[in-house]
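Biologist: Before we begin, may I ask you to take me through this model step by step, and to give the grounds for each term you use?

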Amino acid sequence: MPQSRSLEQAVDHVLDAIDGPIHLGLPLGLGKPNRWVNALYARLREMPERELTIYTALCLGRPRADQELQRRFLEPFVERVYGDYLELDFLADLQADKLPPNVRIEQFFLQPGSLLDSAPTQQDYTSSNYSHAARDLNAKGVNVVAQLVAVDPARPQHFSLSCNPDITLDLLPMLQERRGRGETILCLAQVHEELPYMAGDAELPREVFDIQLREHETSTLFSTPNMPVTVQDHCIGLYASTLVRDGGSLQIGIGAMGDAVCAALLQRHADNPAYRAALDDLQGDQVHPLSSKLGDLESFQTGLYGCSEMFVNGLLDLVEAGVIRRVVYPDVRVQRLASAGALDANGQPRSIQAMLDAGLPARLDEAALAWMQEGGLLDANLKMQGENLLLPTDQQCSTDLSDPLSQAALRDYLAPARHGVVVHGGFFLGPQSFYERLNAMSARQRSRFGMTGIGFINELYGQEELKRLHRVDARFINSAFTVTLLGAAVADQLEDGRVLSGVGGQYNFVAQGHALPGARSILLLRSWRESAGEVRSNIVWEYGHVTIPRHLRDVVITEYGIADLRGKTDSQVIEALLAVTDSRFQNELMVQAIEAGKLSKDFRLDARYTSNTPERLEALAGRHRAVFAEYPLGSDFSEEEQALLRALTWLKGKFHLSEVLELGKAAFDAPPAEAFPEALQRMGLERPEGLREELYQRLVLTGLEATRER
């Protein structure tokens with residue numbers, strides 16, 4: 001039987017029960033029991049004879065800044081938002097290259113950009129599809145699994161995996177099989193009092209966990225504040241929103257471009273005239289054929305179904321706004337009825353005849369009655385009595401459902417199908433308000449969100465008929481930071497081999513976009529970037545690494561439009577991508593393609609696409625301010641912080657902030673301090689001391705003036 005133990009007792013038990021190296025599996029992201037992991041790590045640091053390997057992903061650390069101005073901005077914000085969030089002690093040692101020799105950390109996904117210069121991280125990174133992570137962990141011999149869980153007083157015999165059923169649900173059967181072969185494997189749970197209790201697949205009997213920590217965790221949950229959505233991002237989101245069909249399915253990735261897609265869908269639904277006006281201004285006479293072929297521009301009447309490895313904040317916004325509301329069911333027979341239109345939007349059967357027309361067997365037997373009652377379609381008080389069906393009124397009717405008398409008798413005993421959800425997710429991570437909104441819901445409301453194993457979400461294999469019925473007209477929307485002119489995409493790794501983040505589930509969703517009828521894979525891309533005054537194209541002729549090979553190219557969207565690459569020849573792909581490239585880089589790319597023999601020597605880009613400039617888009621955004629809101633999904637930043645974040649982002653793009661000459665150049669034309677007193681106070685620069693602080697003050701003032709909202 002599971003025992004309740006203290007942190008140190010749990011460490012003792014693991015060390016006593018596991019003979020030899022400890023292979024610890026931890027959930028991705030939020031679900032790690034950091035306090036217990038720190039206790040285990042502290043003990044193992046003093047026991048060099050015992051080996052510890054930790055297998056995990058997305059180890060979450062507070063944002064940190066390398067430069068003085070960013071530090072002045074971040075520290076008060078981090079203190080306010082992250083509170084007493086308890087970081088993993090091994091993460092600091094990993095970043096400083098100070099792990100003890102007996103400890104290794106293997107990850108398959110990294111907090112984006114946070115560990116580019118950590119040699120141990122880069123060497124011990126495992127490139128693996130998210131859907132293969134459980135398989136790979138099991139093959140590595142994981143013998144301890146530790147996880148944060150949620151509790152509900154109404155469900156005292158259960159824990160909820162809450163934010164992270166993703167890998168655990170797929171891994172547990174494999175661990176059980178190894179246990180059956182005599183291996184010692186331990187599962188540990190620690191309750192976090194602020195984690196939302198998610199039922200359904202995420203709910204497990206408490207006895208699944210051999211060790212249950214006595215101390216509940218109460219520290220602040222890690223959050224990911226909404227970042228600004230730029231004009232670039234908003235234009236990308238608007239274009240992407242035109243490809244989403246009412247009644248379809250939506251997968252969406254994390255980040256500002258994903259937020260922009262959600263914002264555009266919200267605008268399309270809530271204020272369709274403003275949405276159309278902005279879109280008309282953006283597209284002009286260049287409306288892409290895919291918009292009418294794949295999507296539409298109307299508000300949502302049927303609604304979408306969300307199926308995304310990460311249940312992001314934007315998906316919750318879409319649910320609350322009524323954009324996502326198409327219900328799907330875990331039973332394939334119930335889902336067949338729903339897909340055929342025999343159930344209404346609330347799961348209520350329209351009639352017995354409608355279900356018969358959708359394939360319901362014409363005669364009830366004990367098994368069919370039990371199935372319908374379990375699924376909620378028929379009143380639980382109906383009983384079989386011989387060849388007839390006994391009603392709660394003690395009347396009887398024939399079990400022949402095609403009999404009009406039986407249909408009339410059963411009309412009042414039809415009930416809505418149970419266990420329906422509007423979103424399936426594998427894990428969640430978001431702003432503090434995201435957790436608060438989930439916690440504020442009733443259990444019934446939260447049951448609309450089906451947290452489940454990543455194998456269900458990211459793959460079509462297993463329950464394939466059910467998944468195909470769910471994922472109609474699917475749009476798998478993810479992002480990349482570079483696309484080659486021949487259609488390959490880069491999202492995880494830099495050209496020099498350093499891993500930025502990881503593959504995650506991107507390949508899985510691209511593959512589904514090709515495998516499902518009516519589905520499309522959509523990759524979002526900012527066409528250009530600027531750093532320290534250097535502007536570069538994110539559409540390039542070639543790159544030393546790819547995440548998505550060009551034979552899986554499909555749809556690419558930049559702020560300048562939609563490029564449909566599916567089934568196109570190389571020259572057609574190049575032309576489509578040139579049309580959505582920033583005009584500052586089109587000529588150079590054309591020359592490279594012509595020299596490679598991939599475009600004819602007399603190729604000329606259509607003049608309609610030669611005005612792809614940021615200035616045009618900025619002017620357009622000024623005409624549609626309601627659609628181009630900087631924080632369309634809300635913000636944890638104060639008004640002064642929002643202004644400062646704009647200013648610091650602008651400065652970083654324009655100057656080398658670590659170089660004194662660049663600082664002086666940037667601060668040359670600064671406005672007077674009286675122009676922005678609150679912002680200077682927030683940065684601790686209202687009364688600068690010494691030349692360096694005076695320079696910082698002028699630098700901040702320059703950035704504030706350059707990015708002032710007018």
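**Sheets, strands and spaces**

Modeller: Strand E3 and strand E4 (residues 103-107) run parallel and are joined by 5 bridges. Please bear in mind that this is a predicted model.

Biologist: What makes E3 and E4 a pair?

Modeller: Two strands pair if DSSP finds at least two bridges between them. E3 and E4 are joined by 5 bridges, and therefore they count as a pair. Within this pairing, Ile54 stands opposite Ile105 in E4.

Biologist: Which strand pairs with E3 in the parallel sense over 4 bridges?

Modeller: That is strand E2 (residues 22-25). Here Leu24 has Ile54 in E3 as its bridge partner. Ile54 thus appears in both pairings: opposite Ile105 in E4 and as the partner of Leu24.

Biologist: Why is E3 called mostly covered?

Modeller: A residue is buried when its relative accessible area is under 20%. In E3 (residues 52-56), 5 of 5 residues are buried, so the strand is described as mostly covered. Both of its faces are covered: Leu52, Ile54 and Thr56 are buried on one side, and Thr53 and Tyr55 are buried on the other.

Biologist: Which helix joins E2 and E3 in a β-α-β unit, and what is the hand of that unit?

Modeller: The helix is H2 (residues 34-45), and the unit that it makes with E2 and E3 is right-handed. The term applies because, with the strands pointing away from the viewer, the path from the first strand over the helix to the second runs clockwise.

Biologist: To which sheet do E2, E3 and E4 belong?

Modeller: They belong to an open sheet of 7 strands with parallel pairing, in the order E1-E9-E7-E5-E2-E3-E4. Its edge strands are E1 (3-5) and E4, each of which pairs on one side only. From one strand to the next, the twist averages 25°. Elsewhere in this order, strand E7 (residues 186-191) pairs with strand E9 (residues 211-213) in the parallel sense over 2 bridges. Ala189 has Gln212 in E9 as its bridge partner.

Biologist: How do you know that 2 bridges are enough for E7 and E9 to pair?

Modeller: The requirement is at least two bridges. E7 and E9 have 2, so the requirement is met.

Biologist: What is the strand order of the open sheet with mixed pairing?

Modeller: That sheet has 8 strands, in the order E16-E15-E11-E10-E17-E20-E24-E25. Strand E16 (449-451) and strand E25 (561-564) are its edge strands, since each pairs on one side only. Neighbouring strands in this sheet are turned by 20° against each other on average, direction ignored.

Biologist: Which strands pair with E17 in the parallel sense?

Modeller: E17 (residues 474-479) pairs with strand E20 (residues 520-524) over 5 bridges, and strand E10 (residues 249-252) pairs with E17 over 4 bridges. Towards E20, Arg475 stands opposite Arg520, while Phe476 has Ser521 as its bridge partner. Towards E10, the partner of Ile252 is Ile477. E17 is also mostly covered, with 5 of its 6 residues buried.

Biologist: Where is Ser600, and why is it called partly exposed?

Modeller: Ser600 lies in the loop between helix H23 (583-595) and helix H24 (614-623). Partly exposed covers the range between under 20% and over 50%. Ser600 has a relative accessibility of 42%, and it therefore counts as partly exposed. Its C-alpha atom and that of Thr218 are separated by 65 Å, the two residues being 382 apart along the chain.

Biologist: How many cavities of 30 Å³ or more does the structure hold?

Modeller: There are 6. The largest has a volume of about 150 Å³ and is lined by 18 residues. Leu30, Lys32, Asn34, Tyr85 and Leu148 lie nearest its centre. The lining comprises 9 nonpolar, 6 polar and 3 charged residues.

Biologist: What makes a space a pocket, and how is the second largest pocket lined?

Modeller: A cavity is a space from which the probe cannot get out, whereas a pocket is open. The second largest pocket has a volume of about 940 Å³. Of its 31 lining residues, Arg418, His419, Gly420, Val421 and Ser447 are the closest to its centre. E16 gives the most to this lining, with 3 residues.

Terms used
Residues numbered from 1 in each chain as written. Predicted model: local features only at pLDDT ≥ 70, side-chain atom pairs only at ≥ 80, totals over all residues. Heavy atoms only, no water. 1 Å grid on protein atoms, 1.4 Å probe; cavity = no way out; pocket = protein on both sides within 12 Å on 5 of 7 lines; lining within 4 Å. Points joined across faces, edges and corners; volume = space filled by probe spheres on them. Nonpolar A, V, L, I, M, F, W, Y, C, P; charged D, E, K, R; others polar. Buried < 20%, exposed > 50% of the residue type's maximum accessible area, 1.4 Å probe, protein only. Axes fitted to C-alpha atoms, helices over the stretch in contact; angles between N-to-C directions.
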